[in-house]
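Q: Hello, I am new to this structure and would like a close look at a single topic: salt bridges and the parts of the chain around them. Please take it slowly and keep it connected.

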Amino acid sequence: MEHKKKITLKTVLTNLDAIITAVTLSLCTILVNLNVICRYFLNSPIQWSEEVVTSLFVWTVFIGSAYAYRKHSHLGIDILVNLMPPKVRNIVRDIMSVVELLILIMLTVISAQYAYNLVFSRGVLKIALTDMLRVPKVYTGIAVPIGFGLSTIYSIYFLLTDRLHIIKKKPAAAQAAEEGGIEE
């Protein structure tokens, strides 16, 4: 008998980055294909589609990047690290984890300043608008600090669990059971 997976608010919130990425990528795909059909078969392209697709794609990239970071799915070249003796390898990985965290913090701060500048110009409220739809650009730009911010949070969590062992991870089976059968 097949076990039904119960979807709870906790599982939705835990996987919100994956849900947002899936929805924005799906909407991008649908809108691009719809525009192609309208352009070539109806000879009437959707004028605003490029602007919306670009905005959705920004959300897909930055939130999807945070999701990939959480899942340890980013590409890495660790040939040199793997050639090192185990003690040196662990020290290098610890140093790289701290450097990675510092870079993510820097990118989060810079991207938050960018989003702020889309709303305020020299401290004065002046909301930048998109060309076609005249929608505030901050709706797109806010995805950048959110994505980097999530990656920063995940980096801190991984540093505390994997490197410093301050937070103890639950066994995978216990965590899956707690989350209703959906693994992180």
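A: Happy to help, and one term comes first: a salt bridge here is a side-chain nitrogen of Lys or Arg within 4 Å of a carboxyl oxygen of Asp or Glu. Please keep in mind that what you see is a predicted model. With that meaning, the structure holds two salt bridges.

Let us begin with Arg 70 and Asp 17, whose side chains meet in a salt bridge at 2.9 Å, N to O. Arg 70 belongs to helix α3 and Asp 17 to helix α2, so this pair ties together parts that lie 53 residues apart in sequence. Are these two partners buried or exposed? A residue counts as buried when its relative accessible area is under 20%. Arg 70 has 8% relative accessibility, so it counts as buried. Asp 17 is buried as well, because its relative accessible area is 5%.

Asp 17 has another contact to look at. If we leave aside neighbours within four places in sequence, Ala 66 is in contact with Asp 17, and also with Gly 147, Leu 150, Ser 151 and Tyr 154. Ala 66 is in turn a member of the largest nonpolar core. That core has eleven residues: Val 58, Trp 59, Ile 63, Ala 66, Tyr 69, Leu 104, Ala 143, Val 144, Phe 148, Tyr 154 and Phe 158. Helices α3 (49-70) and α7 (143-163) each supply at least two of these core residues.

It is worth following α3 along its length. How does the span of α3 compare with what its 22 residues should give? At 1.5 Å a residue, α3 should span 32 Å, and its end C-alpha atoms are 31 Å apart, which agrees. After α3 comes His 72, whose phi is positive, near 55°, although His 72 is not a glycine. His 72 sits in the loop between α3 and α4 (79-83). Its relative accessibility of 53% means that His 72 counts as exposed.

Helix α2, on the Asp 17 side of the bridge, also takes part in something on the surface. Leu 9, Leu 13, Leu 16, Ile 19, Val 23, Leu 27 and Ile 30 form a nonpolar patch there, with about 640 Å² of accessible area together. Both α1 (9-14) and α2 (16-40) supply at least two residues of the patch, and α2 gives the largest share, five residues. One patch member, Leu 16, is placed in helix α2. Leu 16 counts as partly exposed because its relative accessibility is 35%.

Now for the second salt bridge. Asp 94 forms it with Arg 163, and the closest N and O atoms are 3.4 Å apart. This pair also links distant parts of the chain, since Asp 94 is in helix α5 and Arg 163 in helix α7, 69 residues apart. Asp 94 has 32% relative accessibility and so counts as partly exposed. Arg 163 is partly exposed too, with a relative accessible area of 27%.

Helix α5, which holds Asp 94, deserves a look of its own. Its 34 residues (86-119) should span 50 Å at 1.5 Å a residue, and the end C-alpha atoms are 49 Å apart, which agrees. Within α5, Ser 97, Leu 101, Leu 104, Thr 108, Ser 111, Ala 115, Leu 118 and Val 119 are buried. Leu 104 also appears in the list of core residues. What covers the buried residues of α5? The cover includes α3, β1 (120-121), β2 (124-125), α6 (138-141) and α7. By contrast, Tyr 114, also in helix α5, counts as partly exposed at 45% relative accessibility.

Between β1 and β2 there is a loop where Arg 122 is found. Arg 122 has a positive phi near 55°, in a residue other than glycine. At 83% relative accessibility, Arg 122 counts as exposed.

We can finish in helix α7, where Leu 160 is placed. Leu 160 counts as partly exposed at 25% relative accessibility. Leaving aside its neighbours within four places in sequence, Leu 160 is in contact with His 165, Ile 166 and Ile 167.

How values were computed
Residues are numbered from 1 along each chain as its sequence is written. This is a predicted model: local features need pLDDT of at least 70, side-chain atom pairs count only at pLDDT 80 or more; totals for chains, interfaces and linings use all residues. Side-chain values use heavy atoms; hydrogens and water are left out. Patches are made of residues with over 30% relative accessible area and no salt bridge: like charges are joined within 9 Å, nonpolar side chains (Val, Leu, Ile, Met, Phe, Trp, Tyr) within 5 Å. Accessible areas come from the Shrake-Rupley method with a 1.4 Å probe; for residues, only the protein chains shown count as cover. Helices (H or I, at least four residues) and strands (E, at least two) are DSSP runs, numbered from the N terminus. Buried means under 20% relative accessible area, exposed over 50%, partly exposed in between (1.4 Å probe, protein chains only). A nonpolar core is a set of buried Ala, Val, Leu, Ile, Met, Phe, Trp, Tyr and Cys residues joined through side-chain atoms within 4.5 Å. Contact means heavy atoms within 4.5 Å. The expected span of a helix is 1.5 Å times one less than its number of residues.
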